[in-house]
Amino acid sequence: MNALHLTTERLVQLRSDARLERETIMEHLVRDGEDPATAYAETPEVDDFVVRALRDEMLEDRGLLAEFGLARLAARAGGSDARIHQQNADRVEFELLREIAASAPPLTVAVWRAGQELQVHGD
């Protein structure tokens, strides 16, 4: 397993990229007629984009990106094993988020937001 090593310079670059992505999304929403205040409030924060990017990068580095994506799709499909797929994907994501928070404390609040809907407790 590849450990996450996040330098200050890399975090600055990721935040810069995320800021551009966020601004682009907000501009698109406003041009489509969304109230600017609503677009601002409903668009994820910069660090939320950073956490998602790091999560996806970690999944890819570990060869789990496709499997994770398929598990999320299977969970949404609602089949008989949807709950199992949801729990497995949530567990994997929870561990990645823990690693991100431990490696980059400034992202901890965004990690909490990302993990708030995950179901990782036992039955």
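The chain carries 14 positive and 24 negative side chains, and 3 Å separates the centres of the two sets. The model is a predicted one. Its secondary structure comprises 6 helices and 0 strands, arranged along the sequence as α-α-α-α-α-α.

**Overall dimensions and surface**

- Along the principal axes, the C-alpha atoms of the chain occupy a box of roughly 40 × 35 × 25 Å.
- The chain consists of 123 residues, of which 32% count as buried.
- About 8100 Å² of the chain is exposed, and 54% of this area is supplied by carbon and sulfur atoms.
- When contacts between residues at least 6 apart in sequence are considered, 65% join residues at least 24 apart.

**Nonpolar core**

- The largest nonpolar core contains 24 residues, and those with the most contacts inside it are Leu6, Val50, Val51, Leu54, Ile100 and Leu107.
- Two or more residues of this core come from each of helix H1 (8-31), helix H3 (46-61), helix H4 (65-77), helix H5 (82-103) and helix H6 (108-115).
- Helix H3 makes the greatest contribution to this core, giving 7 residues.
- Beyond its neighbours within four places in sequence, Val51 is in contact with Leu97, Ile100, Leu107, Ala110, Val111 and Ala114.

**Helix H1 and the residue that follows**

- With 24 residues at 1.5 Å a residue, H1 should span 34 Å, and the distance of 34 Å between its end C-alpha atoms agrees with this expectation.
- The buried residues of H1 are Leu11, Leu14, Ala18, Arg22 and Met26.
- The cover over the buried residues of H1 includes H2 and H3.
- An α-helix has 3.6 residues a turn, so residues three or four places apart point the same way.
- Thr24 belongs to helix H1 and counts as partly exposed, its relative accessibility being 47%.
- Thr24 and Asp35 are separated by 11 residues in sequence, and their C-alpha atoms are 15 Å apart in space.
- His28 is also placed in helix H1, where a relative accessibility of 49% makes it partly exposed.
- After H1 comes Gly33, which has a positive phi near 100°.

**Ala39 in helix H2**

- Ala39 is located in helix H2, which covers residues 36-42.
- Ala39 counts as buried because its relative accessible area is 1%, below the 20% cut-off.
- Apart from neighbours within four places in sequence, Ala39 is in contact with Met26, Leu29, Val30 and Glu34.
- Met26, one of the buried residues of H1, is 13 residues from Ala39 along the chain, with a C-alpha separation of 5.7 Å.
- The C-alpha atoms of His28 and Ala39 are 9.2 Å apart, and the two residues are 11 places apart along the chain.

**Helix H5**

- The 22 residues of H5 should span 32 Å at 1.5 Å a residue, and its end C-alpha atoms are indeed 32 Å apart.
- In H5, the buried residues are Ala82, Gln87, Ala89, Asp90, Glu93, Leu96, Leu97, Glu99, Ile100 and Ala101.
- H3, H4 and H6 are among the elements that cover the buried residues of H5.
- Two of these buried residues, Leu97 and Ile100, are in contact with Val51.

**Glu93 and Arg55**

- Glu93 is found in helix H5 and is buried, because its relative accessibility is 7%, under the 20% limit.
- Leaving out neighbours within four places in sequence, the contacts of Glu93 are Arg55, Phe68, Arg72 and Leu118.
- Arg55 is found in helix H3 and likewise counts as buried, with a relative accessibility of 17%.
- Arg55 is in contact with Phe68, Glu93, Leu96 and Ile100, its neighbours within four places in sequence being left aside.
- Phe68 therefore appears in the contacts of Glu93 and in those of Arg55, where contact means heavy atoms within 4.5 Å.
- Ile100, which is in contact with Arg55, is also named among the residues with the most contacts inside the largest nonpolar core.

Key. Residues numbered from 1 in each chain as written. Predicted model: local features only at pLDDT ≥ 70, side-chain atom pairs only at ≥ 80, totals over all residues. Heavy atoms only, no water. Helix = DSSP H or I, 4+ residues; strand = E, 2+ residues; numbered from the N terminus. Buried < 20%, exposed > 50% of the residue type's maximum accessible area, 1.4 Å probe, protein only. Areas by Shrake-Rupley, 256 points an atom, 1.4 Å probe, with all protein chains shown as cover. Lys, Arg positive; Asp, Glu negative; His and termini not counted. Charge placed at Lys NZ, Arg CZ, Asp CG, Glu CD. Core = buried A, V, L, I, M, F, W, Y, C linked by side-chain atoms within 4.5 Å. Expected span 1.5 Å × (residues − 1).
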